[in-house]
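Q: I would like to learn how to read a protein model one feature at a time. Could you give me the general idea first, and then show me the case in front of us?

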Amino acid sequence: MQQYNYYFSNDSIPFDTITTTHEYKENHYPIVVTQPDPSLKEPKYDWAKGTWIENAAESQGEKIHALQEEVKKFQSVIAQLTSIAQTQKMLATLIATKKGENTNDVNRRAL
């Protein structure tokens, strides 16, 4: 009788290998037919997304740190864009007042 290897994954048991004589063609909770990526330290199957994910706490911490760094980069870009927008508004005000326009009219147009 032929033996088949599959993978078991649920909230209680994130990963286990099982062997059975029954052949599965597709996933049947909690049995997964596809092997997780070998780079995953502690694989767990995400049933909502249909993919293996990393379940190791240290890897989650690394991901959080990387996301924090990305947020810092975005915050820096936002600060730069805000500064540029303020500079453009000041320039528009200066140009308009040099042309003799009322500063309040320029500010209303800028909004």
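A: Let us begin with a single residue: at 35% relative accessibility, Glu70 counts as partly exposed. Please keep in mind throughout that this is a predicted model.

Q: Which residue forms a salt bridge with Glu70, and how far apart are the closest N and O atoms?

A: The general idea is that side chains of opposite charge can pair when their charged atoms come close. Here the partner of Glu70 is Lys73, and the closest N and O atoms of this salt bridge are 3.6 Å apart. Both residues belong to helix H1, where they are 3 residues apart, which is about one turn of the helix. Lys73, with a relative accessible area of 51%, is exposed.

Q: How many salt bridges does a search of the whole structure find?

A: The search finds 4. Among them is the pair Glu69 and Lys72, whose closest N and O atoms are 3.6 Å apart, and these two residues also lie in helix H1 (residues 57-98), 3 residues from each other, or about one turn. Glu69 is partly exposed, at 31% relative accessibility. Another of the salt bridges links Glu23 with Lys25, the closest N and O atoms being 3.2 Å apart; Glu23 is partly exposed at 38%, whereas Lys25 counts as exposed at 68%.

Q: Now the strands: in what order do the strands of the open sheet lie, and is the pairing parallel or antiparallel?

A: In general, strands of a sheet pair through backbone hydrogen bonds, either parallel or antiparallel. In this model 3 strands form an open sheet in the order E2-E1-E3, with antiparallel pairing. Strands E2 (16-20) and E3 (31-32) each have a single partner strand and stand at the edges, so one side of each has no neighbour in the sheet. Strand E1 (residues 4-8) is joined to E2 by 5 bridges, and one place to see this is Asn5, whose bridge partner in E2 is Thr19.

Q: Which peptide bond is cis?

A: The cis peptide bond is the one joining Tyr29 and Pro30, with omega at about 0°. Pro30 can be found in the loop between E2 and E3.

Q: How many bridges pair E4 with strand E5, and what do these two strands form?

A: E4 and E5 (residues 51-54) pair in the antiparallel sense over 4 bridges, and Pro43 stands opposite Glu54 in E5. Together the two strands form a hairpin with 4 residues between them, and Gly50 in the turn has a positive phi of about 70°.

Q: Which residues lie on each side of E4, and are they buried or exposed?

A: The general idea is that in a regular strand the side chains alternate between the two faces of the sheet. In E4, Pro43 and Tyr45 are on one side while Lys44 and Asp46 are on the other, and all of them are buried, so both faces are covered.

Q: What do the side chains of the charged residues Lys44 and Asp46 meet?

A: The side chain of Lys44 makes a polar contact of 2.9 Å with the side chain of Asp11. Apart from residues up to four places away in sequence, Lys44 touches several others, including Ser9, Pro14, Trp52 and Asn55. Asp46 is buried yet has no salt bridge, since the nearest side chain of opposite charge, that of Lys49, is 4.4 Å away, and a salt bridge needs the atoms to be within 4 Å. A polar atom of the Asp46 side chain does, however, lie 3.0 Å from the backbone nitrogen of Lys49.

Q: Which residues make up the largest nonpolar core?

A: In soluble globular proteins, nonpolar side chains tend to be buried together. The largest nonpolar core here has 5 residues in all, namely Tyr7, Val32, Leu40, Tyr45 and Trp52. If we set aside residues up to four places away in sequence, the contacts of Tyr45 include Val32 and Trp52, as well as Asn27 and Gly50.

Q: To finish, is Thr93 in helix H1 buried or exposed?

A: Thr93 is buried, with a relative accessible area of 17%. A polar atom of the Thr93 side chain lies 2.9 Å from the backbone oxygen of Lys89.

Technical notes: Residues numbered from 1 in each chain as written. Predicted model: local features only at pLDDT ≥ 70, side-chain atom pairs only at ≥ 80, totals over all residues. Heavy atoms only, no water. Core = buried A, V, L, I, M, F, W, Y, C linked by side-chain atoms within 4.5 Å. Buried < 20%, exposed > 50% of the residue type's maximum accessible area, 1.4 Å probe, protein only. Contact = heavy atoms within 4.5 Å. Pairing = 2+ DSSP bridges. Lys, Arg positive; Asp, Glu negative; His and termini not counted. Polar contact = N/O pair within 3.5 Å; in protein donor to acceptor, adjacent residues only side chain to side chain.
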